[in-house]
Amino acid sequence: MGKARKLLYPVSLLYGGVMQLRNTFYDHGIFESHRFDLPVICVGNLSVGGTGKSPMVEYLISLLQEKSKVATLSRGYKRTTTGFHLLNGNESAAETGDEPLQFKTKFPEVMVAVDEKRRHGIEQLLKLEPKPEVILLDDAFQHRKVSAGLNIILTPHSNLYTKDLVLPAGNLREPVSGADRAGIVVVTKCPENLKEEEKERIAKSLKLNEDQELFFSTIAYNSVALSADAPVELETFRGKDLCVVTGIANPDPFIEYLKKQGIQFEHLEFPDHHNFTASELETIQKHPLVLTTEKDFMRLKGELPKETLFYLPIKTKFLGRKEKFDKMIENYAIKK
């Protein structure tokens, strides 16, 4: 533990104790946690930062949308609006948050809503016609006023929650014991060649309960960059004056992937969910080609010339046992 973390550790003990007490109150019904009469799947994590929630939500949408009426509900992080809003796809990322707009853009037939109060948001969704048959809660594991029927928590391979500390000394939003509420744990952003022995070692370190299922996944990058105009093969960017812009929690996998493709670029890195200023946009526009992540594209489109702005989509790819994961989701979410 570094010196800074040692100084913050007493604060982490206090914060962790408060969060543990809060969880105990919810577990014993002292604080009310409402359960709805339809399948509700929560995708979340114990830690702050990028664990791959957006690609996981998109994976679930793809899995369920042909078999059930799906709705997603997010708080709309850093949006300029408040309260419940059902997206139509014509909003700006500033109005709705970048991730909800990404969901609506990619899946226009799916109901996508934002509300910082998850219970109120679900109540509003259930007033719609036709009503959703399954609701996906994005990043709501600590929002315990709603009791999801199935909790999925994600933890990145490079920083398992069992190796972390509670805020502020570490990155955990609550103590490790909170993972017991999850029915499914997914270790994300794994090397694609992850060996079985390493999976077994991780499984032992996580110490899951008998009723919990563990899965491993990696990031699958598209070989084609997309834009508002036309797709472009990624190799087209080789040897060009390219600026790569990221405003996500952990851009390292994205940057490493591009380097492995033999692409040279200038990297402009911004904080997660960053709202770009006029001067920052001016700096970015000096480059004839700009490549970014899909989430950042939601905030940059309309701000840069569409013929210069591209993004690289990603997907969740399971490293084995995909059929088992799909079956668990379908058995819970789809009416027989």
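Hi everyone, let me start with one residue: Asn 159 touches Asp 164 and Asn 171, leaving aside anything up to four places away in sequence. Before I go on, please keep in mind that this is a predicted model. Asn 159 sits in the loop between β6 and β7. With a relative accessible area of 28%, Asn 159 is partly exposed, because that value falls between the 20% limit for buried and the 50% limit for exposed. There is also a long-range pairing here: the C-alpha atoms of Asn 159 and Thr 51 are separated by 9.4 Å, although the two residues are 108 residues apart along the chain.

Let's stay with that loop for a moment. The loop between β6 (150-156) and β7 (184-188) also holds Pro 168. The peptide bond that joins Leu 167 and Pro 168 is cis, with omega at about 0 degrees. And where else do we find a cis bond? Look at the step from Glu 129 to Pro 130, where omega is again near 0 degrees. Pro 130 belongs to the loop between α5 (118-125) and β5 (134-138).

While we are on backbone geometry, I have two positive phi values for you. Lys 189 is not a glycine, yet its phi is positive, about 55 degrees. You'll find Lys 189 in the loop between β7 and α6 (196-206), and its relative accessibility of 23% makes it partly exposed. Arg 321 has a positive phi too, near 60 degrees, and is likewise a residue other than glycine. Arg 321 lies in the loop between β15 (314-318) and α10 (322-333). At 39% relative accessibility, Arg 321 counts as partly exposed.

Now, on to helix packing. Two packed helices are described by the angle between their axes and the distance between the axes. So how do α2 and α4 cross? The axes of α2, residues 53-64, and α4, residues 98-106, come within 11 Å and cross at roughly 30 degrees. Angles under 35 degrees count as roughly parallel, so that is the label for α2 and α4. The crossing of α2 past α4 is right-handed. On the α2 side, the contact uses Ser 54, Val 57 and Glu 58, and these meet Glu 99, Gln 102, Phe 103 and Lys 106 in α4. By class, the residues of this contact are two nonpolar, two polar and three charged.

α2 has another partner, α10. The axes of α2 and α10 come within 11 Å and cross at roughly 70 degrees. That angle lies in the 65 to 115 range, and therefore α2 and α10 are roughly perpendicular to each other. Here as well, α2 passes α10 in a right-handed crossing. From α2, the contact takes Met 56, Tyr 59, Leu 60, Leu 63 and Leu 64; from α10, it takes Lys 322, Phe 325, Asp 326, Ile 329, Glu 330 and Ala 333. The contact of α2 with α10 has eight nonpolar, no polar and three charged residues.

Some of those names come back in the next part, the nonpolar cores. Which residues touch the most other members of the largest nonpolar core? They are Ile 41, Leu 64, Ile 152, Phe 325 and Ile 329, out of 45 residues in that core. The element that gives the most to this core is α2, with seven residues. Take Ile 152 as an example: beyond four places in sequence, Ile 152 touches Ile 41, Cys 42, Val 43, Gly 44, Leu 60, Ile 184, Val 186, Phe 325 and Ile 329. Apart from this core lies another one, of 33 residues, with Ala 113, Val 166, Leu 172 and Val 187 among them.

I'll finish with two buried residues. Thr 96 is in helix α3, residues 93-96. Is Thr 96 buried or exposed? Its relative accessibility is 0%, so Thr 96 counts as buried. Leaving out residues up to four places away, Thr 96 touches Gly 76, Arg 79, His 85, Leu 87, Glu 91, Leu 101 and Val 114.

The other is Leu 242, in strand β11, residues 242-246. At 2% relative accessibility, Leu 242 is buried. Beyond four places in sequence, its contacts include Phe 237, Ile 263, Phe 265, His 287 and Leu 291. Leu 242 and Thr 308 are 9.8 Å apart, C-alpha to C-alpha, and 66 residues apart in sequence. Thanks for listening!

Note on methods:
Residues numbered from 1 in each chain as written. Predicted model: local features only at pLDDT ≥ 70, side-chain atom pairs only at ≥ 80, totals over all residues. Heavy atoms only, no water. Helix = DSSP H or I, 4+ residues; strand = E, 2+ residues; numbered from the N terminus. Buried < 20%, exposed > 50% of the residue type's maximum accessible area, 1.4 Å probe, protein only. Axes fitted to C-alpha atoms, helices over the stretch in contact; angles between N-to-C directions. Parallel < 35°, antiparallel > 145°, perpendicular 65-115°, else oblique. Left-handed = near helix turned anticlockwise from the far one by under 90°. Contact = heavy atoms within 4.5 Å. Nonpolar A, V, L, I, M, F, W, Y, C, P; charged D, E, K, R; others polar. Core = buried A, V, L, I, M, F, W, Y, C linked by side-chain atoms within 4.5 Å.
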